[in-house]
Amino acid sequence: MEAAGVRTPAEPSGRDAAAPGRTAASRTPDCHAAAVHAIADDLNGRGYPVTWVVDRQLLAGDFPLQVVAKVSVVRVLNIALDTRGDGAAPAVLWRVSMGRPSSVRWEQSAVLDLGTGSLDGERVVREALRSVGLPLQRAI
């Protein structure tokens, strides 16, 4: 289920169809896509309107899985998935950045290593907001 106003990249012919140059190992696990949507839903519920969701990697080198939400008139919050390592269970980190979308550099950034809670959307949002000094609930 997509939040109102959320844009996602066009899906290839089959959700898990390999695009040219991709292998089965590079496909996005469903748990990661589900976590991204849980993050988007939680941000919307906290008053941070989500404007962009990338919930699958279409081609190698594409944007990472991420959620972008407005935090003010001129600033956005970006929460992006970063999986590290090889093997069956790579480490899951979240890169959090806040700033002006037109700027070359982010004003604030952090890396969240939440261990076993790294796929819990609500926990990711709470820690992301704290890491850049934003309130847990935005006044509308």
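This text goes through a predicted model, starting with its sheet and ending with one residue, asparagine 78.

The sheet is open and has 5 strands. Their order is 1-2-3-4-5, and the pairing is antiparallel. The edges of the sheet are formed by strand 1 (50-54) and strand 5 (108-112), each of which pairs on one side only. From one strand to the next, the twist averages 15°.

One of the pairings joins strand 1 to strand 2 (residues 66-70), in the antiparallel sense and over 4 bridges. Here valine 54 has glutamine 66 of strand 2 as its bridge partner.

Two helices can be placed against these strands. Helix 1 (residues 30-45) packs on the sheet and touches strand 1, strand 2, strand 3 and strand 4 (91-99). The direction of helix 1 makes about 175° with that of strand 1. Helix 2 (residues 121-131) lies across strand 3, strand 4 and strand 5, and it runs at about 140° to strand 5.

Now take a single position in the sheet. Asparagine 78 belongs to strand 3 (residues 76-84). Is asparagine 78 buried or exposed? Its relative accessible area is 10%; buried means under 20%, so asparagine 78 counts as buried.

Which residues does asparagine 78 contact, leaving aside its neighbours within four places in sequence? They are Gln66, Val67, Val68, Arg95, Val96, Ser97 and Trp106. With glutamine 66, the bridge partner of valine 54, there is also a polar contact: the side chains of asparagine 78 and glutamine 66 meet at 2.5 Å.

Key:
Residues are numbered from 1 along each chain as its sequence is written. This is a predicted model: local features need pLDDT of at least 70, side-chain atom pairs count only at pLDDT 80 or more; totals for chains, interfaces and linings use all residues. Side-chain values use heavy atoms; hydrogens and water are left out. Buried means under 20% relative accessible area, exposed over 50%, partly exposed in between (1.4 Å probe, protein chains only). A polar contact is a pair of N or O atoms within 3.5 Å; within protein, one must be able to donate a hydrogen and the other to accept it, and residues adjacent in sequence count only if both atoms are side-chain atoms. Contact means heavy atoms within 4.5 Å. Two strands pair if DSSP finds at least two bridges between them. Axes are lines fitted to C-alpha atoms, for helices over the stretch in contact, and angles run from 0 to 180 degrees between N-to-C directions.
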